[in-house]
Amino acid sequence: MKFGKSICILNVGGTKYAFPRDVIKDFPLRRVSRLHNCASEKEVLEVCDDYDRERNEFFFDRHSEAFVFIMLYVKSGKLRFVPQMCELSFYNEMIYWGLESSHLEFCCQRRLDDRMSDTYTYFSEEDIKTEEELRDDDDVDNQTGTGRGSAKWLERMRRTFEEPTSSVAAQILASVSVIFVIMSMVILCASTLPDWDTAKNNSAEEHRIIEAVCIGWFTAECIVRFIVSRDKCEFVRRPLNIIDLLAITPYYVSVVMTVLTGENPQLQRAGVALRVLRMMRIFWLIKLARHFLGLQTLGLTLKRCYREMVMLLVFVCVAMAIFSALAQLLEHGLDLEASNEDYASIPAACWWVIISMTTVGYGDMYPITMPGRVLGGVCVVSGIVLLALPITFIYHSFVQCYHELKFRSARCTRSLSAEFLD
């Protein structure tokens, strides 16, 4: 520092601290030590909020009580949270002064980790994208002429189709889409009934019309959402949009195959393919995830807990390999004369292991020897323990995802209410 007096005064939120200039040079807080290298008032104002040259006073508009605890760390080397202060707010103060979470005491580090884990969902990538979208909206508002009106119209259309709670029109559109999904599922389920062929012969035209209208609605919705999307490549890569495509495509493929094959009895394979394609319409149920919080929570939980799901699968596979080999040996391999034919092979015993570990127990196969029954008891108890281990992590992730989506939904509802009042 090539200006000012030999005594530096730090004014943090109204609380003043006086230090010699030499102490500022090696101060443990990086932001304070940066003052020593400032050669002009302009550089000083890049570090602090205000500067009084006459008194050589540096003003920082920060939390004064938090800085008291930070100064205690400078003196004693121990950093703890301020009582009755949000952990994240104090962590923000730490970052400002140049400290990290590793400087905290271990107990406070755990509190910070738990707090950040609980509030992680409120600062996720989707929220960052939302902030970027708001900035894009501001850019749109700054445009002039026809381009501005066209961009605002496209943005409104995009939100209407992508965010069911963004406006009244979006809610109506979502309700209509749900009705069409339910109609399609009812027709699909009814088509498997024994009396469906008779009913279809009597009202075949009505059934075809209903199916065509549903497919037409889904197709139009998908095309419009693709047109108004900001990033076409990102739109194609989204899982829900891929599911929409898988749900719509089989209808058009089946129509083309029906036109090409007609009623030719020699093309029975084509008929089997048509039935498989039509059954793929069950994917339409996943479209409901756009409109229901529960399905969104389930999908987000599975996405974030894939490691726990893989761990659960590994547990089950390892236990299944061990118990199936032992069951085959005890029930079939030791006594060939009185062997249990249900356990003739390890793959056959795997079925018994999986239904025993999950405590389903169909009763179609069971051990008859005493060692086999003991093994069955151990298998059931082991299954309960192994399946319960990752469930805790999945449960906590589900709760976090639910609160996140509920928070976003409430935020959209507040904006919708404000739009309705305006």
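Two strands count as paired if DSSP finds at least two bridges between them, and strands are DSSP runs of E with at least two residues, numbered from the N terminus. The model you have open is predicted, so local features need pLDDT of at least 70 and side-chain atom pairs pLDDT 80 or more, while totals for chains, interfaces and linings use all residues. Residues are numbered from 1 along each chain as its sequence is written, and side-chain values use heavy atoms, leaving out hydrogens and water.

**First stop: the hairpin.** Select residues 7-12 (β1) and 15-20 (β2): these strands run antiparallel, joined by six bridges. Click on C8 in β1, and you will find its bridge partner in β2 at F19. Two residues separate the strands, and G13 in that turn has a positive phi of about 60°.

**Next: helix α16.** Helices are DSSP runs of H or I with at least four residues. Select residues 306-333. The expected span is 1.5 Å times one less than the number of residues; for these 28 residues that gives 40 Å, which agrees with the 38 Å between the end C-alpha atoms.

Colour the buried residues of α16, among them L312, V316, A319 and F323. Buried means under 20% relative accessible area, exposed over 50%, and partly exposed in between (1.4 Å probe, protein chains only). Then pick L326, also in α16: its relative accessibility is 38%, so L326 counts as partly exposed.

**Last stop: the cysteines.** A disulfide here is a pair of cysteine sulfur atoms within 2.5 Å, and a search of the whole structure finds zero. Try C350: the nearest cysteine sulfur, on C317, is 9.2 Å away. C350 is buried at 19% relative accessibility, whereas C233 is exposed at 51%.
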